[in-house]
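Student: I am new to this structure. Please take one part and look at it closely, then show how it connects to the rest.

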Amino acid sequence: MDSALSSPSLNADSQVEKYVVCVDTFKVVLRLCKVGGLADEALMVLKKMPEFNIRPDTTAYNLVIRSLCEKGDMDMAKQLMGEMGLIDLYPDMITYVSMIKGFCDVGRLEEAYALFPVMSVHGCYPNVVAYSALLDGVCRFGIVEKAFELLAEMEKEGEGCRPNVITYTSVIQSFCEQGRAKDALSVLELMEVRGCAPNRVTASAWINGVCMNGQLQDVYKFIERIVGGGSVSMGDCYSSLVVCLIKIKKVEEAEKTFRMALSSGMKPDSLACSMMIREICSEKRVLDGFCLYEEVEKTGCLSSIDIDIYSILLAGLCQKSHSAEAARLARSMVEKRIPLRTPYVEK
DNA sequence: CTAGGGTTAG
């Protein structure tokens, strides 16, 4: 990056032919830096802009600030935010949300808090996203009472601040991860009181947390309860459970659960299907994996399954000389126009 | 640039 910027082809004095470098050109580069996690390079690019007589805009600053925040370099991010004023730019909601999230991520909660009065003074009134970012930090650092206080405050602030399903789900996730099932339950109850329906992400967060804490017995009660609410399907809950069981290496239980779900007419989601079949194949039970695949296919929920599964199955079947099954699978792959992954072509 | 989740190596 450094050499590219200082090379003769990208230089303020000798702009390449007739191509005009403008602020959007730089933003393309800044966006690339951001997705690539190159915060320092982004900063360098930003500093280069004036040499091209281009004044960075708020978006440009936000891209760099966000990169720095993601890297955890909050001192530099803070400095940059301060510098915006020097060229008559003002931080907007995106700037503040980035900063709040960044401060929370590194545990500097006080500084995250301190941004709220500042942004209000500048006419940028905190919204649900800003509050949720702060709340997320508060929860992650285990300050339960403060979390409930903040939720109440958001409710009081009115329309643009009211906690929504994403807000509540984040809180539940934090609590579940910390093994605070009771507190998580209070949040779920609070959602119900406020008329905010949990969704599959809420359920997944819960199931994950409880599984990780080894409280599998509680999972089934929870699933019954949340499905009873009518906003999450049984299939979604069992899919999350299967994914989770595989993650904690309880493969046998995962398989039992998965098969049970299938035979009770649920439609497991594509991730659960993919992971389950992949797992069975990795245990060298390719034929079992293939049978399960065919069974899953009958339910019609295979449309978005990980396409690598086909290659894995086909390669396994060939290797174990299950030619009839291999041929059947190959035919259906051709019909569905599913390409064979290159590493498997030889097989 | 705008909050929350989950896989992977023949």
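Tutor: What follows starts from one helix, then turns to salt bridges, aromatic rings and the nonpolar core.

This is a predicted model, in which local features need pLDDT of at least 70 and side-chain atom pairs count only at pLDDT 80 or more, while totals for chains, interfaces and linings use all residues. Residues are numbered from 1 along each chain as its sequence is written, chains are lettered from A and ligands numbered from 1 in the order in which they are written, and side-chain values use heavy atoms, with hydrogens and water left out.

The part is helix α7, residues 109-121. Helices are DSSP runs of H or I with at least four residues, and strands are runs of E with at least two, numbered from the N terminus. Buried means under 20% relative accessible area, exposed means over 50%, and partly exposed lies in between, with a 1.4 Å probe and protein chains only. In α7 the buried residues are L109, A112, L115, F116 and M119. They pack against α5 (74-84), α6 (93-105) and α8 (128-140); contact here means heavy atoms within 4.5 Å. Just after the helix, G123 has a positive phi of about 75°.

Helix α7 also takes part in a salt bridge, between E111 and K78, with N to O at 3.4 Å. The term covers a side-chain nitrogen of Lys or Arg within 4 Å of a carboxyl oxygen of Asp or Glu. Because E111 lies in α7 and K78 in α5, the pair ties together parts that are 33 residues apart in sequence. E111 is partly exposed at 25% relative accessibility, and K78 is partly exposed at 42%. Elsewhere, salt bridges that share partners join E255, R259, E283, R285 and D288 into one network.

The whole structure has 26 salt bridges. One of them joins D24 to K27 at 3.7 Å, N to O. These two are three residues apart in helix α2 (residues 23-35), about one helical turn. An α-helix has 3.6 residues a turn, so residues three or four places apart point the same way. D24 is partly exposed at 46%, whereas K27 is buried at 9%. K27 also forms a salt bridge with D57, their closest N and O atoms being 2.6 Å apart. D57 sits in the loop between α3 (39-48) and α4 (58-71), so this bridge ties α2 to a part 30 residues apart in sequence.

Aromatic rings of Phe, Tyr and Trp (its six-membered ring) pair if their centres lie within 6.5 Å; planes under 30 degrees apart are stacked, over 60 edge-to-face, and the rest tilted. There are seven such pairs. In one of them, Y220 and Y238 have ring centres 6.4 Å apart and planes at 50°, so the pair is tilted. The pair links helix α13 (residues 216-228) with helix α14 (residues 234-247). Y220 is partly exposed at 29%, and Y238 is buried at 10%. F290, Y293 and Y310 form one aromatic cluster.

A nonpolar core is a set of buried Ala, Val, Leu, Ile, Met, Phe, Trp, Tyr and Cys residues joined through side-chain atoms within 4.5 Å. The largest has 110 residues, and F258 is among those with the most contacts inside it. Beyond its neighbours within four places in sequence, F258 is in contact with V242, P268, A272, C273, M276, L292 and V296. Of these, C273 is buried at 0%.
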